[in-house]
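This briefing sets out selected structural features for the reader's consideration. The entry is shown first, and the notes follow by topic.

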Amino acid sequence: MLAALQNPSHEDVVVSQTDPESTAPKLAIPGLLKGQKALVTGANSGIGRGVALALGEAGADVVVNYVVDDDAAQAVVDQIEGFGVRALKIKADVSDETQVVAMFKQMIKVFGTVDILVANAGLQRDAAFKEMTLAEWNKVIGVNLTGQFLCAREAVREFSRRGVVPEVSCATGKIICMSSVHQEIPWGGHANYASSKGGIKQLMESLAQEVAPLKIRVNAIAPGAIRTPINISAWKTPDAYHSLMKLVPYGRIGEPEDIARAAVWLASDQSDYVVGTTLFVDGGMTLYPGFATGG
Ligand code: NAD
């Protein structure tokens, strides 16, 4: 596995123990992203943390965006620096335009540019539909969808200003939107979250279509059930885990490094002709497993 993921910083939750029977590849390809500057939002926890570490292990300099828990962000920075690349933590609420603009400005000042954006920050505020408050609706749409719009817009502005640097990458820039299987699968009790992810699908595809002529590649990853704090109730107890596995044909929960490997590939020139695609990394969750025995 990605070595650094063996030391999760979250106090209560062991989020990154790879299934011992997993046959997945163990390492990011060293040097694959050498010289590239990456920004990962929500990078001090869960999937964002795993992605930030993997990008660093693959040779990128990484900005670790966070909004709460400075210590956890610093721990990720320290681990990334252990790969011999640069890392910088920047506190910013991705739903706040002023803070997002300032974050990109600081990154460009320190690192010179932005080559890779992983718009990952997200949250849930679950409620039955008739109980859902406007504040719960606005919070989820604001962080999950508007946050991706604001970060992607700043990234596109910087990519356009700089243009292609062939020694660094054959693309002008890469944006990876962290979506969810719930861009496809309806989710009662989570209408705000599912709506935000459905919105990300159209945001990603519309943006990908618009900026592909500039050699900017925009894609998304749609994780299934990944072992992080956001969904701890779905996997913490054996009963919950057993119930969750009915939804996962591959028979195990996903780990942050499953998403991290996909993100490294999408950010690299290895995926250069991949434009406007959502890569489902879900152990088959979107295969309607209930129909495996005849429906
Ligand atoms: P997590 O709670 O561990 O991480 C979410 C991160 O986003 C945290 O660092 C949090 O502080 C940050 N964040 C929240 N609001 C923010 C804001 N306003 N500004 C900046 N950062 C903010 O959860 P995770 O599972 O790692 O989630 C990461 C992404 O993956 C989310 O977009 C989530 O919807 C998506 N996702 C997760 C799963 C899963 O099963 N874990 C499945 C599908 C999609």
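In which helix is Gly142 found? Gly142 belongs to helix 4. The model discussed here is a predicted one. Its central topic is an open sheet of 7 strands, with the order 3-2-1-4-5-6-7 and parallel pairing.

**The sheet as a whole**

- At the edges of the open sheet stand strand 3 and strand 7, each of which pairs on one side only.
- Direction ignored, neighbouring strands of this sheet are turned by 20 degrees against each other on average.
- In general, the strands of a sheet pair through backbone hydrogen bonds, in either a parallel or an antiparallel manner.

**Strand 2 and its partners**

- Strand 2 is mostly covered, as 6 of its 6 residues are buried.
- Asp61, Val63 and Asn65 point one way from strand 2, while Val62, Val64 and Tyr66 point the other way; all are buried.
- Strand 1 (residues 37–40) runs parallel to strand 2 and is joined to it by 4 bridges. Within this pairing, Lys37 stands opposite Asp61 of strand 2.
- Strand 2 also runs parallel to strand 3 (residues 87–91), to which 5 bridges join it. Here Val64 has Lys89 in strand 3 as its bridge partner.
- Two right-handed β-α-β units involve strand 2: one is made by strand 1, helix 1 (residues 46–57) and strand 2, and the other by strand 2, helix 2 and strand 3.

**Strand 1 and strand 4**

- Strand 1 pairs with strand 4 (residues 116–119) in the parallel sense, over 3 bridges.
- Leu39 has Leu117 in strand 4 as its bridge partner.

**Helices lying across the strands**

- Helix 1 lies across strand 1, strand 2, strand 3, strand 4, strand 5 (173–178) and strand 6 (216–223), and runs at about 170 degrees to strand 1.
- Helix 7 (residues 256–267) lies across strand 1, strand 4, strand 5, strand 6 and strand 7, and its direction makes about 165 degrees with strand 6.

**Ile176 in strand 5**

- Ile176 is part of strand 5. Ile176 is classed as buried because 26 other C-beta atoms lie within 10 Å, where the cut-off for a buried residue is 20 or more.
- Leaving aside residues up to four places away in sequence, Ile176 touches Val118, Asn219, Ala220, Ile221, Ala263, Leu266 and Ala267.
- Ile176 and Ala220 are 44 residues apart along the chain, yet their C-alpha atoms are separated by 5.1 Å.

**Packing of helix 3 and helix 4**

- Two packed helices are described by the angle between their axes and by the distance between the axes.
- For helix 3 (residues 97–111) and helix 4 (residues 134–162), the angle is about 35 degrees and the axes are 9 Å apart. Helix 3 passes helix 4 in a right-handed crossing.
- The residues that meet are Glu97, Val100, Val101, Phe104 and Ile108 from helix 3 and Leu150, Cys151, Glu154 and Glu158 from helix 4. By class, this contact has 6 nonpolar, no polar and 3 charged residues.

**Gly142 in helix 4**

- Gly142 counts as partly exposed because it has 18 C-beta neighbours inside 10 Å; the buried class begins at 20, and the exposed class covers 12 or fewer.
- Apart from residues up to four places away in sequence, Gly142 touches Ser95 and Gly147.
- From Gly142 to Gln209 there are 67 residues in sequence and 23 Å in space, C-alpha to C-alpha.

**Residues with positive phi**

- Most residues other than glycine have a negative phi.
- Asp69 has a positive phi, near 75 degrees, in a residue other than glycine. Asp69 sits in the loop between strand 2 (61–66) and helix 2 (70–81). Because 15 C-beta neighbours lie inside 10 Å, Asp69 counts as partly exposed.
- Tyr288 is not a glycine either, although its phi is positive at about 50 degrees. Tyr288 is located in the segment after strand 7 (278–281). With 12 C-beta neighbours inside 10 Å, Tyr288 counts as exposed, since that class takes in residues with 12 or fewer.

Terms used:
Residues numbered from 1 in each chain as written. Predicted model: local features only at pLDDT ≥ 70, side-chain atom pairs only at ≥ 80, totals over all residues. Axes fitted to C-alpha atoms, helices over the stretch in contact; angles between N-to-C directions. Left-handed = near helix turned anticlockwise from the far one by under 90°. Contact = placed C-beta atoms within 7 Å. Nonpolar A, V, L, I, M, F, W, Y, C, P; charged D, E, K, R; others polar. Pairing = 2+ DSSP bridges. Right-handed = clockwise from strand over helix to strand, strands pointing away.
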